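Hi,

Here is the structure I promised to pass on to you. Have a look at it first, and then read my notes underneath.

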Amino acid sequence: MKPDSFLPLPAATFHILMAVADEDRHGYAIIQDVSASTNGELKLSAGTLYRSIQRMLEQGLLVETKDRPAPEEDDERRRYYRITALGRTVAKAEAQRLTQLVRLARKSGFAAGRA
Amino acid sequence: MYRALLHLYPKSFRGEYESEMCAVFARHKRDRSGIGLVALWVETFFDVLFNAARVHFDILGQDLRYFGRTLRQSPGYALTVVAIAGLGIGATTAAFSITNHVLLRPLPFPDADRLVTVYEKETHYSRMELSPPNYSDWKARSKSFEAFGAYTDLSANLAGEGEPVRLKGAVLTSEVLPLIGVRPVIGRWFAADEDRRGAAGTVILSYSLWQAKFGGSDSVLGKKLLLDDEPCTVIGVMPAGFAFPARNDEVWLPLRFFGMYAEGFEDPDRTNTFLVGVGKLRRGVSLQQANSELQLIAAQIERQFPKELKNISAAAFDLHDEVSPRSKALLMALGGASLCVLLIACTNLANLLLARALARRKELAVRSAMGAGRERLVRQLLTESLLLAMAGGALGMLIAVTATPLFAALVPTYLPVVALPSADWRVLTFGALVTVLTGLAFGVLPALKATGGADLREGSRSGVGGKKERLRGALVVAEIAASVVLLVTSGLLIRAMWRIRGTDPGFRADHVLTLHTPVTGPRYQNTLPRVAFYKRVLADVRALPGVESAAYITTLPMGTWRGGIWTVTVNGQQPADPSSQKASMRFVTPDFYKTLGIPLHLGRDVAESDVITSPLVAVVSDSFAARYWPGENPLGKQFSSGMQTLSVIGVVGDVRVRGLEQYSEPQMYLAYQQVKDNWYPPYVPQDLAIRTANGDPLQLAPAVRKIIASAEPQLPVTNVRSLSELVAAETATRKAQLVVLGGFAVIAFLLAAIGIHGLLSFTVSNRTQEIGVRMALGATRGNILQLIVGDAFLLAAIGISLGASAAYGSGLELQSLLAGLSPNDVDAFTAGILLSLVMTLAGSFLPAMRAVRVDPATALRAE
């Protein structure tokens, strides 16, 4: 599938991709990361999170990783997710789409800053 | 608790993420307390609800994509499935819509559940009509009813509005229409004083009569019509579809008891019963309470009139309960038959899907290898079968709507409902339910079977022997059994119909023309003018070429009116049980027996010399004579009936007055010139019967009409038909039912044959190699044929024995429709079983031919 065909990404999907951009995370860590990076404005619910994860696994944006962190930090039940190359491409494409959009918004005066 | 909530998700999803989601939820819970905890629960609840729905939806989307691909690959398969499902669902829905119409749906009146009919009850009759004084007493004394009225049937001649016509309808007390609660579309109900003596005549018209005769114009209000020569002013028109008390009623007149008889309402005769009581229960009063109150009142009145009202009690019925047990049995048979068709359709489909699922094993195995759980695959297959069933359901609805008019003959005309059922929410719900059940029924087994132990072994020998084939065999057995039930039941009912048709009616129905000419109204109140009319008409008719004889009678046997029953007392005999002393009374002109071919066993026919001034005479039937004078010569014996004393002048054969299937009371025939003036109008001779030498008696009708028109221009002539038609009408409902049932049986027969064919074709193609090996090892074609056809006949034998026992059970249930035929009638069973064997043979023919044509060399090379 072409990366473009995923666009526009649902907000939750994009946030999850950003959360796992530089390290593998388990579900709860993703929720926390998303919450922290949006200053608590977006709190993913468990339902939304796992539904998104399921779909992203199917679409090949994420994989589950067998690599576990150091045993003292690990919890048997946890599953860790890692971004795939496709996930990265898609996320970049989405970011570009958004940038484009913001540029347009500035031009028309809807957003602050220079076009 | 959270875990329980997660059950809303599909199992596959839960299996993956349940423990993690629980962990996340536990973390969240740890962070909150008090009101925050409550908020968390609420949040979580909606979160799960919303997301679970989305997950299901995603899967549905996936399955739909798979399904679309399947359809593109094999449209023929999908079409077959949809067609078979459509037949099954259509048959069942059509049967249900008619049952719903007759038995389930509330009558189309406001507060229909509080409407009751009230009858007199006697030891032998649970529904006898009311006498006016009883009606009036019950009405005055009972407290169970919000309103209470009475009606009786009416037919009246409408003259002066084009062709004279005979109208059917009812005379009602002023309470009846308001109590039923349906308002006229224009005009008004009867006012309270319009059913009193001396009030000006008024009439309410039906919508269809208004449209047909008066062009639907409002100016009809106030118009004066001549009904039976009495002027009546039109005061209202009932809405379209209004039917009370019976379908096809066209006029309603106010009931004035005095108008019916010269003696007037003051006539205290409590045995003269002709009214049907109709009441609306007070809110909160049950039918049972009303019944016990009425019975109490009836008992009080019985003490007042111990002789006239001996054993007379009261009974109220739900208005809907007017459906006779026979109509109910007919509908039940229909419902059962349609379920059989549905069952056969489902098993056929299950087999088809099973074959298909086995063919798709590799696809499923691939998906399973890619991590799809079994539950996921089952779900996909079920989604497919449900979608096919839905398409079938849509087709079925279409079939049901088209087929329902076929069933219209099964709606009793005496029910206050229109002839054709319209689809309502019950029918739609039922159709939808049947559709879903069908989808599940034919989808579940194949889905479970196909996904159990799917494996990828390439070239693994497919489905030889083994469980799957046994399952398919069982399905075919079920199909055969169900079709045997239908075939045998249809056979039983056909035999019953033949038997009824073979019943001797007591007269010869061939070559007789019959007409109804209601010689009523003020001008014909007295006997002399009527006699002049009969003499003139009969003389002219007898002079027509080809006419052998002609006669008038009160009402023909098996005609529209079959009552007219009177109590008989014989001089010197004390009636032990008065209810056993009933006989039907008819007035006839000479030649009636000759015209109908009723044998005259003793004495003579009534004669022109039997006039009002000579002694009153009667011709009685064999059973009448045997009842009162067993072993004696009845000629010259005297008896009393209808407040007069008569002497027997002749004995004739018994006639089935009430119909081919019912018990008929003994008959007495009185002389037409001995009808007293002002005698009850229904008893006046008004049916004309004409026997012709040969040819179609109906060809005579125009000439006869001309004769009647010249004798009495304003007299409508109705019910022009041959006597054979009249007799055939006796079995018309049965015929209609048989057409439907037979249709079902044919469908079942075909589906079962297709089922056998499908199973064997599948077996043969799977066993091609085996057959090749056998042939290479020296098996003859005969051996191979035996192998394949033998299988089919084993299944047939099991299916037939199961089906035959079930058919016997259904025969027992239908005994009321079998006209005395034993439910284990050999002919019906033999025919049904033979047909099933033929079906098995036909279904196995093509696959068997394929099997014997297997070329061992080719088959082995494939191995």
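Below is what I found, mostly about chain B.

First, the conventions. This is a predicted model, so local features need pLDDT of at least 70 and side-chain atom pairs count only at pLDDT 80 or more, while totals for chains, interfaces and linings use all residues. Residues are numbered from 1 along each chain as its sequence is written, and chains are lettered from A and ligands numbered from 1 in the order in which they are written.

On confidence, the model scores ipTM 0.78 and pTM 0.69. Chain B has a mean pLDDT (the predictor's confidence in each residue, from 0 to 100) of 83, with 95% of its residues at 70 or more. Please take care with two stretches of chain B: pLDDT stays under 50 over residues 258-265 and also over residues 454-465. Counting contacts (C-beta atoms, placed from the backbone, within 7 Å) beyond four places in sequence, the model has eight for residues 258-265 and 17 for residues 454-465.

Chain B contains 24 helices and 22 strands; these are DSSP runs numbered from the N terminus, with helices being H or I of at least four residues and strands E of at least two. Of its 863 residues, 43% count as buried, meaning that 20 or more other C-beta atoms lie within 10 Å of a residue's own, against 12 or fewer for exposed and in between for partly exposed, with C-beta atoms placed from the backbone. Among contacts in chain B with a separation of 6 or more, 83% join residues 24 or more positions apart.

Where chains A and B meet, 17 residues come from chain B and 14 from chain A. On the chain B side, helices H2 (11-31) and H3 (35-73) each give two or more residues, and H2(B) provides the largest share, with ten.

H3(B) has 39 residues, which at 1.5 Å a residue (times one less than the number of residues) should span 57 Å, and its end C-alpha atoms are indeed 57 Å apart. Its buried residues include B:Thr44, B:Asp47 and B:Val48. The buried residues of H3(B) pack against helix H3 (46-59) of chain A, together with H1 (2-5) and H2 of chain B.

Finally, B:Gly563 sits in the loop between strands S12 (547-553) and S13 (565-567) of chain B. B:Gly563 counts as partly exposed because it has 14 C-beta neighbours inside 10 Å. Its C-alpha atom is 9.4 Å from that of B:Glu665, 102 residues apart along the chain.

Best wishes
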